[in-house]
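Colleague: Please put the model up. I have some questions about how its parts fit together.

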2 protein chains.
Amino acid sequence: MKELSSLDQMIEALRRLPGVGPKSATRMAYHLLQHDREGAQFLGNAMLNALQQIRHCGSCNTFTENAVCDTCADASRDTSILCVVESPSDQLMIEQTMTYKGLYFVLMGRLSPLDGIGPQDIYLDKLIRRATDGVVEEIVLATNFNNEGEATAHYIGETLKAKGLKVSRLARGVPVGGELEYVDPGTIARAILDRKST
Amino acid sequence: MKELSSLDQMIEALRRLPGVGPKSATRMAYHLLQHDREGAQFLGNAMLNALQQIRHCGSCNTFTENAVCDTCADASRDTSILCVVESPSDQLMIEQTMTYKGLYFVLMGRLSPLDGIGPQDIYLDKLIRRATDGVVEEIVLATNFNNEGEATAHYIGETLKAKGLKVSRLARGVPVGGELEYVDPGTIARAILDRKST
């Protein structure tokens with residue numbers, strides 16, 4: 001099969017994408033070669049271009065082409081509050097709520113000792129430098145509410161509290177529109193413990 | 001969002017892959033940028049390289065880097081019989097049975113008028129030239145047994161029979177290991193009609 005090496009390499013390369021197995025990769029390669037050579041060209045160029053252009057924002061650590069990303073460069077944001085999220089997608093979700101006007105720090109992952117992901121992999125040093133710049137007063141931990149996310153929030157929270165910063169976490173409780181009958185007991189238990197006086 | 005254009009382009013390019021929507025494309029892009037930059041480089045290069053190197057075999061129409069593919073160049077194959085398949089994957093499945101020693105023609109698709117795929121899109125002219133080279137005696141139609149595959153087999157079969165060639169189709173019937181109780185009635189009906197004397 002020596003003479004198929006370009007095709008084999010193409011399939012092998014597509015398998016590097018998360019969630020793509022050998023069958024999907026083969027289907028993708030055939031599709032591109034047969035029906036969308038322009039798309040393959042676009043994909044190849046976009047990959048190589050992105051690798052050259054994209055780096056981490058010096059301030060919030062998200063992906064950007066500049067030294068500092070759009071959000072961090074926006075002078076209208078509240079610089080005293082910093083929201084810590086796992087990924088740029090999470091940041092985007094929070095932005096879409098239109099209720100948060102502070103800045104962000106994007107961990108690009110979450111602590112997961114079983115997968116070998118430790119504090120250095122979530123840019124903890126960079127976060128500490130960012131959070132202790134003298135301007136930031138409060139850190140909002142907005143990591144996910146699964147095991148790894150909670151552990152990450154706990155670890156970061158303890159570290160930053162030791163530096164004298166105010167640390168908060170997104171509220172947990174019954175979702176908007178939630179009917180108690182269909183909400184899991186753990187969530188209801190948390191909502192009872194965290195009940196608010198009205 | 002002007003300054004995210006490289007990232008946006010990367011996500012847009014990944015969406016060109018079949019079966020990849022906006023969420024998957026975003027996840028793939030973040031994964032490559034954060035955890036597998038080498039993979040992104042490999043993918044970019046493999047795409048562009050494949051586009052330059054890969055063309056259709058002059059004889060059987062499959063993807064190859066040479067003028068004629070390995071299988072067609074193999075002098076030990078039976079040149080009097082030509083198996084027509086929809087895709088290189090189908091050819092590979094037939095090769096794995098080790099029961100076919102003839103040559104192939106790969107349509108790279110199937111007739112599908114509703115999708116605008118007509119005879120010119122499945123290289124029918126090339127197939128006719130290949131089949132009427134004076135050496136080929138029998139055509140085995142091995143397109144899929146769904147509606148489009150059957151229609152394609154019928155169309156090609158009629159065209160080639162009109163040229164005086166012997167045309168056959170893969171046998172239909174109860175699969176090996178099949179238990180009648182769990183086989184669909186259509187397949188059993190076909191197996192009764194095509195029953196073989198023993």
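Colleague: How much area do chain B and chain A bury between them?

Modeller: This is a predicted model; local features need pLDDT of at least 70, side-chain atom pairs count only at pLDDT 80 or more, and totals for chains, interfaces and linings use all residues. Residues are numbered from 1 along each chain as written, chains are lettered from A and ligands numbered from 1 in written order, and side-chain values use heavy atoms, without hydrogens and water. Buried area is the accessible area (1.4 Å probe) lost when two parts are put together, summed over both. Carbon and sulfur atoms carry 62% of it here, and the total for chain B and chain A is about 5100 Å².

Colleague: How many residues of chain B are in contact with chain A?

Modeller: Contact means heavy atoms within 4.5 Å. Chain A contributes 54 residues, and the count for chain B is 54.

Colleague: Which salt bridge pairs Asp36(A) with chain B, and how many cross the interface?

Modeller: A salt bridge here is a side-chain nitrogen of Lys or Arg within 4 Å of a carboxyl oxygen of Asp or Glu. Asp36(A) meets Arg16(B) at 3.1 Å, N to O. Across the interface of chain B and chain A, the rule finds three salt bridges.

Colleague: Which element supplies the largest share of the side of chain B that touches chain A?

Modeller: Helices (H or I, at least four residues) and strands (E, at least two) are DSSP runs, numbered from the N terminus. Elements of chain B that each supply at least two residues to this side include H1 (5–14), H2 (22–35) and strand S2 (63–64). The largest share is 16 residues, and it comes from H3(B).

Colleague: What relation do chain B and chain A have?

Modeller: Copies are superposed by least squares on C-alpha atoms of residues with pLDDT of at least 70 in both. A rotation of 180° with 0.0 Å of shift along its axis puts chain B on chain A, RMSD 0.0 Å. That is the relation of a two-fold axis.

Colleague: Which residue of chain B has the C-alpha nearest the axis?

Modeller: The contact residues of chain B recur in chain A at 100%, so the same surface serves both copies. The C-alpha nearest the axis in chain B lies 2.0 Å from it and belongs to Gly44(B).

Colleague: Where does Lys161(A) sit, and what is its salt-bridge partner?

Modeller: Lys161(A) lies in helix H7 (residues 147–161) of chain A. Its partner is three residues away, about one turn of the helix. The closest N and O atoms are 3.7 Å apart, and the partner is Glu158(A).
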